[in-house]
Structure formats: C-alpha cells, structure tokens
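Open the model in your viewer and keep the selection tool at hand. This tour goes stop by stop, saying what to select and what is there.

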2 protein chains.
Amino acid sequence: MEVKVEKKYGADLSSIKEAQARINSFIHKTPVFSSDSLNDLSGKNLFFKCECFQKGGAFKFRGACNAVLSLDDDQASKGVVTHSSGNHAAALALAAKLRGIPAYIVIPSNAPKCKVENVKRYGGQIIWSEPTMQSREDTASKVLQETGAALVHPYNDGRIISGQGTISLELLDQVPQLDTIIVPISGGGLISGVTLAAKSINPAIRILAAEPMGANDAAQSKAAGRIITLPETNTVADGLRAFLGDLTWPVVRDLVDDVIIVEDKEIIEAMRLCYEILKVAVEPSGAIGLAAVLSDNFRKNPAWQNYKNIGIILSGGNVDLGLLWDSFRK
Amino acid sequence: MEVKVEKKYGADLSSIKEAQARINSFIHKTPVFSSDSLNDLSGKNLFFKCECFQKGGAFKFRGACNAVLSLDDDQASKGVVTHSSGNHAAALALAAKLRGIPAYIVIPSNAPKCKVENVKRYGGQIIWSEPTMQSREDTASKVLQETGAALVHPYNDGRIISGQGTISLELLDQVPQLDTIIVPISGGGLISGVTLAAKSINPAIRILAAEPMGANDAAQSKAAGRIITLPETNTVADGLRAFLGDLTWPVVRDLVDDVIIVEDKEIIEAMRLCYEILKVAVEPSGAIGLAAVLSDNFRKNPAWQNYKNIGIILSGGNVDLGLLWDSFRK
C-alpha cells in the first residue's frame, strides 16, 4: 500500500522536521545496532534503533521535549501536567526540568517501580491515582484546574507525534536501505510519527505494528474500521496498554500496513535475546518488534517474505531487573 | 608522568594502526555513551566506550581478529588454539570462523556458562581443562602438538595488544577532549594497547587501571617494581583473574599512571547503574571502571581532582542474568 502523506494527520514531514530542529541539541542521537546472530535467527537483515538509550530510557523524551519547547513563555511558566504509567511521565519531567518549569505527573498506583524512580530522578511532582483511566483523567483534570498547567497528552497530541517522528528521520539517514520498519503500538503516538515521516521520505516503505495478544485493540480496530477499546488488557508489556486516539487512529487506519500479534512468552524471549546477544536492557514493550519478526505470525505470512532490511525500534529500556529475571525463569 | 612511547613495548602506534586497517571491516565501531545522571553522581564528565557491544560481547574480538588475520595461509590452515575462561575464547572462535579455519578452545571447568555458550555459537571446538593455570596450559600444549595449530595467547602477544589498542584510536577520535582513560586490568593486554595508542596520540593523557581487591596483583606489581602473582584470586570479576606477562608488564610499569583498587560490592553497584541508567548489560569486569571513578579511593585522592573528561572502557557484557540478579539481592 502506497499512500501519499497528507496534511490531515495532525503531523507531517514539515512539523516533524521542525520538531527535529527544536529538540536536536537536547536528545541523544541513538545508535543502530546489528547482530549477525540475530540476522541468522530471523533470516533478515535487522537494524535495531536503540531508543532504550534515549534520555529517560525511552523514545518518549522526543515528543515530550518537543511539546515542552513548543510552549510560549507564559504557558510554560505554569508548568505541564500529564497522566502516564511511566515513560511519558519521566520524559515530561525531564523536559520540564530542562526548561526549568514544574511538571505535575499523575501516576496510577500500579506503575513499574523503575519508571516511578525516573520521574523522581527528574524532579517531577507525583500525584497518585487509582489504576483506572477514569481516575487518571479525573486526577489530571483536578491538577490542571488548580495549577493552570498545560496538559501534554502521552500520544494524542500533534507535538508528541511530531517529536516521535524524528526517529524516522534519524533511522532512514542511518540505514537508507530499509524496506520495513516494525514499531510497537499502544496509543499510537510513536507509530504515527514514525509512519508519517518514513512514508513521506520513502512512500514504498512498509510499516508494521507489533502488538501483544492481551492488548490487541489496534489489530481489532484495523479489522473493524473504527477505534476499538477493550474492557481490560493483560500483557507483560506494561507500556502497550493504551488505546488509539482520534489523532493517531487515522494514521494507523490509512498508513500502517499491518499489525503483527505476539504472545507474551515471545516478548519475554525477545527481551532475553536483547540482553544476551545485543547486551541491551529492553523493556517488554520495547522488545516486541524483535518478538514480531521472530514470530510464526510473521515468518509464515507469504506477504512478508520479500522484505529483507527491517528496522526494529527498541522503544525503551525501563525494566525492573527482578521482573526480567522472574519472567525468564517461568 | 609523560613518557615517550618507544618501540620496546611489543606494540606501538604503527602496529596498532596496522591492526586497525586489518580488522576495521570486521569489527563494530562501538558507540560512546554519556549520561547526565552519572555525570552528576561522579562530578566528572564520563564517556563510556561500549565494548560490550563489540562482536562476541567484548573488546577481545579486536585482538583475536588481528591475530587470526595476521597468520599466513599455511599457518592459518592448521587453525588456532588458546586457553581462556571466556571472552578471548569466544572472540578467537569467531575470528577463526570468519577466516574459515578451526579454533581449538581450552576452557577451565569453572567458566561462566554464557561465555561457553558464545564459544559454541561461533563454532569453536571446546576442550575442557581443570580450573588451574597449569591444567589450562598443559591441555593447550597437548592440543598444539596434536593439531599444529597456532597458539594465540589471550594477552601476552603483540598482535593481541595491537588489536586492543585500536580502541584508543576510535575513542580519541570520538572524544578528543579526554584527559583520562580508566581501563580494567587483568593480564594487561587491553590496558597495554589502550595506553600505547593513547599516549602516542596525546602524551599528557592519564591512564588509570581499575583492579578488584581480590585480584590486586597489578597494584602489587607496580608497588614492588616486578611482576607479582597471587596464590589465589577472589573476585566477582571473572575476567580479571589473570596476571601480567612479560610483554604487558613493562607498559604497566612505565606508562600506566596508577591503579585504583575497588571492592566487589562497588563493582556490583556499578553493574546495576550500567543496567538501570545506561540500559547496558555489562559484566563485572566491564563495570569496574565506573566502580573506580565512583570509589572513595578515586574521589578522595587529591592527585585526581583536576581531571574532568574521563573515558571509561565498558570492556564486556557477557554476564549470566541470574548471577547479576543474585548479586544485586545480596
């Protein structure tokens, strides 16, 4: 499927290039790794874009930094607020710290410890909520009213999508021969930005979403032709439990070529390979792209045989070591 | 101490540049990482040369590749042999595989499992020995006689030292402002190569060795003015148990500025920081440089106050996850 990228998606190549100019001196340009062992295992040439090495330990800093730097001085002075179980929270706290403004972070009580530690490390002001989306949003609204801070949504925000899209600008510069990029999907901010940038530069490139079986709302949404949400999610990939928003859904609907569903056990095996072969700490949500390319769902699909040079976004590395080890032993 | 690097050391800038030309298309040019969090913690600007991402998971591939590619065709056809508890073994097996020649690897029975797995992954032919140096050497001699293969010593070999020295060529190109490099010390192959190259390029640069308390033979050797060996070693850093050789000792004696001794608990804490903050799997021997720069021995020494831009060689990443986790919980 080749679709011309139009203005209608809330971000475009121009807003993504503006984001790059805005954040470039603040972010890490992350390296791309390759491994003969993993190439042999997959039968493909894999190129791992290591966003786990991004500041804050995940790609989220790109979008958060772009959003915070986009605020005018008056808005900025009142600070920023968000609700997030982890990586966006830490990223926003760090971006706010760099600008010297307060960050109010609503965190559900079931967030991974290491992600909460990151928020604290960057000086974010934590407000706890119940682990439901309703409680998260209510608590954030309350903080918003009390402080006048600007809401920075984790993904359904053009500034966030544009920031995440800078990954493709870097990646296609580092590995111009890519014919496919596999991207974790949750709320869709990452995949929207990556897709809009990549398909603008190379309309023939394929974008595949990787999604856990226990939170497969994006695959269901693609099949139904409308946003599907789930009554509950159940996956080790704590960063992939969100649902698509009205800015990210159109990109997923129109431009994402397919969704690969993987089991949690495949995600855990991919984490192990990242650790043992790449020597990289990757969280479950971050390892799902490798899980996808090694899955039977991918290998056995004839539509995917002819693609050789595959970019995989290792989106984050914030994983409690105890969880990792306990997962491996199961 | 500024000492002119002379020809007498078994390797020099010229042999190191030759090694670089020989191995450059086979090795990974490893990235240099920095972290604001670790800079804050240390009070220095730290630059981590990530040799854990080198092929085989450690710097050892540089030297092994140089040695294997230096053999003439007749020598090469009979293969190579070594005895090693781990990273050199895997590196030599991989280098031999690339050249299509056999590698006979004598491994002591107490070698870490993940390192043995690497040897197998690269097709090395494993011959087990007892965990004593005598048994290792005797077994290697026997293999040597039977096969006519060329012995490639893990460190006391000019080809190995020259290969490891290519790290400094890369590192000083990546971070020209370095005033200090901290290097793990064991048999001295790594630090000899790094020192000879770095001091040839910048005679004012300081080289500090990092050594575990339970295998502090290099510090004792520097103090005594001659090679000291120990009746036994006791450290979590399984890669740092060897003693200096007649090619590496003169470099350590003349050109290495000092040795920083660290405790095992400091090494384990450094591994944890590498994992949690850098998102990098680093083995105990590889994390010792970070342990050194954070140690009281380093912080409280007035001689080391004025140096700011410090290169740290994360020498390898081959660590059994179970060991890592068990260490953290102690």
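The stops below run from the pair of chains to single residues in a predicted model.

**Stop 1: the two chains and their axis**

Colour the model by chain. Chain A superposes on chain B by a rotation of 180 degrees, with 0.0 Å of shift along the axis and an RMSD of 0.0 Å. That is how a two-fold axis relates two copies. To place the axis on screen, select A:Val280. In chain A, its C-alpha is the one nearest the axis, at 2.4 Å. Both copies use the same surface: 100% of the contact residues of chain A recur in chain B.

**Stop 2: the interface**

Now select the residues of each chain that touch the other chain. You should have 27 residues from chain A and 27 residues from chain B. How large is the area buried between chain A and chain B? The value is about 2,200 Å², and carbon and sulfur atoms give 61% of this area. Show A:Tyr275, A:Lys279 and A:Leu321 as sticks. These three supply 33% of the area that chain A buries against chain B, more than any other three residues.

Next, look for polar links across the boundary. There are 2 salt bridges between chain A and chain B. Select A:Asp36 and B:Lys55 to see a salt bridge between their side chains, with N to O at 4.0 Å. Between the chains, 6 residue pairs are in polar contact, with both residues at pLDDT 80 or more.

Switch to cartoon for the elements behind this surface. In chain A, helix H2 (36-42), helix H12 (264-278) and helix H15 (321-329) each supply at least two residues of the side that touches chain B. H15(A) gives the largest share of that side, 6 residues. Sorted by class, the side of chain A facing this contact has 15 nonpolar, 7 polar and 5 charged residues.

**Stop 3: salt bridges in chain B**

Step back to the whole model. Over all chains, the structure holds 32 salt bridges. Three in chain B are worth a zoom.

Select B:Lys29 and B:Asp173. Their side chains form a salt bridge at 3.9 Å, N to O. The pair links distant parts of the chain, 144 residues apart: B:Lys29 is in the loop between helix H1 (13-23) and strand E1 (32-33) of chain B, and B:Asp173 is in helix H8 (residues 158-174) of chain B. Are these two buried or exposed? Both B:Lys29 and B:Asp173 are exposed.

Stay on helix H8 and select B:Glu170 with B:Lys49. Their salt bridge brings the closest N and O atoms to 2.6 Å. B:Glu170 lies in helix H8 of chain B and B:Lys49 in strand E2 (residues 45-50) of chain B, so this pair ties together parts that are 121 residues apart in sequence. Turn on a surface. B:Glu170 is buried, with a relative accessible area of 4%. B:Lys49 is also buried, at 0%.

Then move to helix H6 (residues 113-121) of chain B, where B:Glu117 and B:Lys120 sit 3 residues apart, about one turn of the helix. Their side chains meet in a salt bridge at 3.9 Å, N to O. B:Glu117 is partly exposed at 36% relative accessibility. B:Lys120 is partly exposed at 48%.

**Stop 4: a network in chain A**

Jump to chain A. Select A:Lys49, A:Glu51, A:Arg62 and A:Glu170, which are linked in a network of salt bridges.

**Stop 5: B:Phe26**

Back in chain B, select B:Phe26, in the loop between H1 and E1. B:Phe26 is partly exposed, with a relative accessible area of 29%. Which residues does B:Phe26 touch, not counting those up to four places away in sequence? They are B:Lys55, B:Phe61, B:Cys65, B:Leu69 and B:Leu98. B:Lys55 is the partner of A:Asp36 in the salt bridge of Stop 2. For scale, draw a distance from B:Phe26 to B:Gly79: C-alpha to C-alpha, they are 19 Å apart, with their positions 53 residues apart in sequence.

**Stop 6: B:Ser129**

Finish at B:Ser129, in strand E5 (residues 125-129) of chain B. B:Ser129 is buried, with a relative accessible area of 5%. Leaving aside neighbours within four places in sequence, B:Ser129 is in contact with B:Val106, B:Ile107, B:Pro108, B:Ser109, B:Ser135, B:Arg136 and B:Thr139.

Methods:
Residues are numbered from 1 along each chain as its sequence is written. Chains are lettered from A and ligands numbered from 1 in the order in which they are written. This is a predicted model: local features need pLDDT of at least 70, side-chain atom pairs count only at pLDDT 80 or more; totals for chains, interfaces and linings use all residues. Side-chain values use heavy atoms; hydrogens and water are left out. Copies are superposed by least squares on the C-alpha atoms of residues with pLDDT of at least 70 in both. Contact means heavy atoms within 4.5 Å. Helices (H or I, at least four residues) and strands (E, at least two) are DSSP runs, numbered from the N terminus. Buried means under 20% relative accessible area, exposed over 50%, partly exposed in between (1.4 Å probe, protein chains only). Buried area is the accessible area (1.4 Å probe) that two parts lose on being put together, summed over both. A polar contact is a pair of N or O atoms within 3.5 Å; within protein, one must be able to donate a hydrogen and the other to accept it, and residues adjacent in sequence count only if both atoms are side-chain atoms. Ala, Val, Leu, Ile, Met, Phe, Trp, Tyr, Cys and Pro count as nonpolar, Asp, Glu, Lys and Arg as charged, and the others, Gly among them, as polar.
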